[in-house]
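Me: Could you walk me through one part of this model up close? I'd like the details joined up rather than listed.

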Amino acid sequence: MTAAHLDALLVTSLPNVRYLTGFSGSSALVLVTPRETLFITDFRYQTQVADEVGALARVVIEPVSLWNALWHELPGTGGRVVGFETAHVTHRDFQRLLEAGSAWQWRPTADLVEGLRERKDEGEVALIARAAEVATRALARTLPEIGAGMTELQAAGVLERALREEGSEGFAFPTIVAAGARAALPHAQPTHHAVGDGDFLLFDFGALVEGYCSDVTRTVVVGRASAEQREVYEVVREANAAARAAVRPGMTGRDADAVARSYIERHGLGELFGHSLGHGIGLEIHEAPRLARTNEQPLAAGAVVTIEPGVYRPGWGGVRIEDDVWLSPDGTGPRLLTDFPRDLLELV
Ligand code: ZN
Ligand code: ZN
């Protein structure tokens, strides 16, 4: 805040609120000043806020509109230049800021809290590691239940039930299950389409533990794999392994992406790898840093990132293999959090 020349920062992003205060509810405004943290929520969260936030902030329970409480409290904070989060304020709320009067200068900010969130502390890494274990255990329970004739939705149901039973408090994002030619759609939503014999079947899913996400993709073949399926799979598996071995804090997002991309390009499949290599995970499923051609910034020590190369051939199918790694700051190299086989599995 000092570097950004702010007297105060208004935090409206709920993941940022959770990161700063521990609050997991869905209604909050937080005003951070050098003297105190003001936490505004509504009656529904009166008990929860005492448990989760405790004495970390001065809590105000507001019966009508959180903004009413903010206008009531703001004069007492002594701040004049107040930052707001440009990525997390609706236009309607921005108008409220403008209408609040000339006593305050509203200063747009971007990624102030997100920048802090990029480096995970040990407690955060432990939660993501637990979410990764829940996810891989759920997949291990699911695969023996899967067979030809089942729909993508039914397969997703088996997996989501296993996630819950293994202790996931929800789903990190809507589960992707894609069979056959639909596996060529990187973000396919499960449908009534039935899995055919010899189809690729792609699962991309994540568990949630105390708000922290994991993100795993495995692609299997239902029945026996063809030579072409094996060939494509092997290229993706090697690209995943190369990137997992090479990624380091301090490397740019672009260079990390290039490790997997150059391998896939050397095998003539570069055109079919149309997305970036990976992304940070934490309280949100997509957060900093990006492992992408467009990111020239160094990856932060302590970040947890996905490594997810894929090859997608329209009309034929696709393969993605996604793991989560911690870029541990102690120089010992990346730490793998998703312990699950990567050899091509044939469900027969
Ligand atoms: Zn994923
Ligand atoms: Zn991902």
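Reply: Strand 7 (residues 176-179) and strand 8 (residues 199-205) run antiparallel, joined by four bridges. Strands here are DSSP runs of E, at least two residues long, and helices are runs of H or I of at least four, all numbered from the N terminus; two strands pair if DSSP finds at least two bridges between them. In general, strands of a sheet pair through backbone hydrogen bonds, either parallel or antiparallel.

Keep in mind that this is a predicted model: local features need pLDDT of at least 70 and side-chain atom pairs pLDDT 80 or more, while totals for chains, interfaces and linings use all residues. Residues count from 1 along each chain as written, chains are lettered from A and ligands numbered from 1 in written order, and side-chain values use heavy atoms, without hydrogens or water.

Strand 7 is covered on both faces: Ile-176 and Ala-178 on one side, Val-177 and Ala-179 on the other, are all buried (under 20% relative accessible area; over 50% is exposed, in between partly exposed, with a 1.4 Å probe and protein chains only). Across from Ile-176, in strand 8, stands Asp-204, and that takes us to the metal.

Asp-204 gives two OD donors to the zinc ion (ligand 1), with Asp-215 (OD) and Glu-322 (OE) supplying the others, at 2.0 to 2.6 Å. Donors are N, O and S atoms within 2.8 Å of the metal (3.2 Å for Na, K and Ca), and water isn't among the atoms, so sites may look incomplete. Angles among the four donor atoms of ligand 1 span 54 to 150°, which makes the site irregular. For reference, four donors are tetrahedral if all angles lie between 85 and 135 degrees; four are square planar and six octahedral if opposite donors are over 155 degrees apart and all others between 65 and 115; anything else is irregular.

Along the chain, the donors of ligand 1 follow the spacing D-x10-D-x106-E. Asp-204 sits in strand 8, and Asp-215, eleven residues away, in the loop between strand 10 (212-213) and strand 11 (216-222). Both Asp-204 and Asp-215 are buried.

There's a second metal in the picture, too: the zinc ion (ligand 2) lies 3.1 Å from the zinc ion (ligand 1), and Asp-215 coordinates both. Put together, Asp-204 stands opposite Ile-176 and is also a donor to ligand 1, while Asp-215 is shared by the two zinc ions.
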